[in-house]
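Trainee: I've got a new model open and no idea where to start. Can you walk me through it?

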Amino acid sequence: WLIYFIQSLCFTNLLYNITITFEEAALGCEKEINILRTENCSLCQGIGCKPGSQPTRCPSCNGTGQLRQVQQSIFGRFTHISSCPQCHGEGRIITEPCPQCRGTGKEKHQRSVSVKIPAGIDEDSQIRLRGEGQAGTRGGPSGDLYITLAIKQHEFFQRDGDNIIYELPINFAQAALGTEVEVPTLDGKTKLKLPAGSQTGAVFRLKNKGIPRLHRRGRGDQLVTLRVVTPDSLTKKQRQLFQELADTLGPAKNPP
């Protein structure tokens with residue numbers, strides 16, 4: 001009976017998939033989902049019997065839910081235990097079934113469930129909501145609802161643990177002369193100073209602008225990687241200016 005009870009609890013669990021945005025995963029949110037689940041019959045409270053009646057003890061297994069069969073062999077006596085076929089392992093039989101659920105003890109209902117998604121949760125994480133799954137057997141406890149998360153890819157952010165990676169495109173003039181630019185973060189735009197002579201691949205750290213640490217204090221950082229963009233088309237005036245600059249700079253030299 002104990003094994004049957006444990007198996008029935010496993011079958012009462014529900015799995016639901018939710019897709020959320022990068023920002024919702026990073027900062028946390030609350031979602032309302034609609035699920036179709038099996039609940040205990042409102043008339044018989046999941047017992048399966050007509051109100052006023054009770055299930056009777058199974059005569060085949062005497063209420064144990066199991067049948068024992070002893071076999072004698074040259075190696076000794078062996079006891080074979082199987083689930084009772086008459087009561088299906090429940091140990092009881094319903095003689096007067098509930099007219100509403102026809103003895104099943106179950107009804108289907110559409111329910112709205114609120115899911116709190118903590119800040120900092122990552123891809124393929126799972127949230128467990130106790131007691132929000134299918135109804136248990138014959139009025140037993142309900143199973144759990146497991147929420148599996150998928151996170152949409154962000155337009156320009158990438159996640160690396162608790163850090164956020166952002167690639168910042170700049171032009172030749174900004175890289176050579178240095179400048180101050182606005183960088184998007186989870187908290188809105190922030191200013192970043194780039195020194196003169198900045199190169200492609202240079203990394204600047206924005207402290208505490210990353211992902212909040214899941215179930216812990218603090219946040220990661222945002223790492224801004226520079227990418228100097230080569231223009232693919234120039235006006236006549238721009239070409240002339242670039243030529244003048246090239247003549248004054250001379251050819252690039254390999255480092256010693």
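Mentor: Start with two terms. Helices (H or I, at least four residues) and strands (E, at least two) are DSSP runs, numbered from the N terminus. Two strands pair if DSSP finds at least two bridges between them.

Trainee: And what kind of model is it?

Mentor: This is a predicted model: local features need pLDDT of at least 70, side-chain atom pairs count only at pLDDT 80 or more, and totals for chains, interfaces and linings use all residues. Residues are numbered from 1 along each chain as its sequence is written, and side-chain values use heavy atoms, with hydrogens and water left out.

Trainee: OK, sheets. In what order do the three strands of the open sheet lie?

Mentor: The order is 1-9-8, and the pairing is mixed. Strand 1 (14–20) and strand 8 (126–129) are at the edges. Each has a single partner strand, so one side of each has no neighbour in the sheet.

Trainee: How far are neighbouring strands of this sheet turned against each other?

Mentor: On average by 25 degrees, direction ignored. For that angle, axes are lines fitted to C-alpha atoms, for helices over the stretch in contact, and angles run from 0 to 180 degrees between N-to-C directions.

Trainee: Do strand 1 and strand 9 pair in the parallel or antiparallel sense?

Mentor: Parallel, over seven bridges, with strand 9 covering residues 145–151. Leu14 sits opposite Leu145 of strand 9.

Trainee: Now the other one. What is the strand order in the open sheet of four strands?

Mentor: That order is 10-11-15-14, with mixed pairing. Strand 10 and strand 14 stand at its edges. Each has a single partner strand, so one side of each lacks a neighbour. Here the average turn between neighbouring strands is 30 degrees, direction ignored.

Trainee: Which way do strand 10 and strand 11 pair?

Mentor: They are antiparallel, with four bridges, and strand 10 spans residues 157–160. Asp160 has Asn163 in strand 11 as its bridge partner. The hairpin of these strands has two residues between them, and Gly161 there takes a positive phi near 70 degrees.

Trainee: And strand 14 with strand 15?

Mentor: Those run antiparallel too, joined by four bridges. Phe204 has Val224 in strand 15 as its bridge partner.

Trainee: What does Val224 touch?

Mentor: Contact means heavy atoms within 4.5 Å. Leaving out residues up to four places away in sequence, Val224 touches Tyr166, Leu168, Val183, Leu192, Ala202, Val203, Phe204 and Leu206.

Trainee: How many residues are in the largest nonpolar core?

Mentor: Terms again. Buried means under 20% relative accessible area, exposed over 50%, partly exposed in between (1.4 Å probe, protein chains only). A nonpolar core is a set of buried Ala, Val, Leu, Ile, Met, Phe, Trp, Tyr and Cys residues joined through side-chain atoms within 4.5 Å. The largest has 19 residues, and Val224 is one of those with the most contacts inside it. Strand 11 (163–170) is among the elements giving two or more residues. Its share, four residues, is the largest. A second, separate core has 16 residues, including Ala25 and Ile147.

Trainee: Switching topic. How many aromatic pairs are there?

Mentor: Five. Rings of Phe, Tyr and Trp (its six-membered ring) pair if their centres lie within 6.5 Å; planes under 30 degrees apart count as stacked, over 60 as edge-to-face and the rest as tilted. Phe22 and Phe157 form a tilted pair, 6.0 Å centre to centre, with 45 degrees between the planes. Phe22 is in helix 2 and Phe157 in strand 10, 135 residues apart.

Trainee: What sort of pair do Phe157 and Tyr166 form?

Mentor: Edge-to-face: 6.0 Å between centres and 75 degrees between planes. Both residues, Phe157 and Tyr166, are buried. Ring pairs join Phe22, Phe156, Phe157 and Tyr166 into a cluster.

Trainee: Last one. How many disulfides does a search of the whole structure find?

Mentor: Zero. A disulfide is a pair of cysteine sulfur atoms within 2.5 Å.

Trainee: Why is there no bond at Cys84?

Mentor: The closest cysteine sulfur, in Cys87, is 3.7 Å from the sulfur of Cys84, so it is too far for a bond. Cys84 is buried, at 1% relative accessible area. Likewise, the sulfur of Cys101 is 3.7 Å from its closest cysteine sulfur, in Cys44, too far for a bond. Cys101 counts as buried at 7% relative accessibility.
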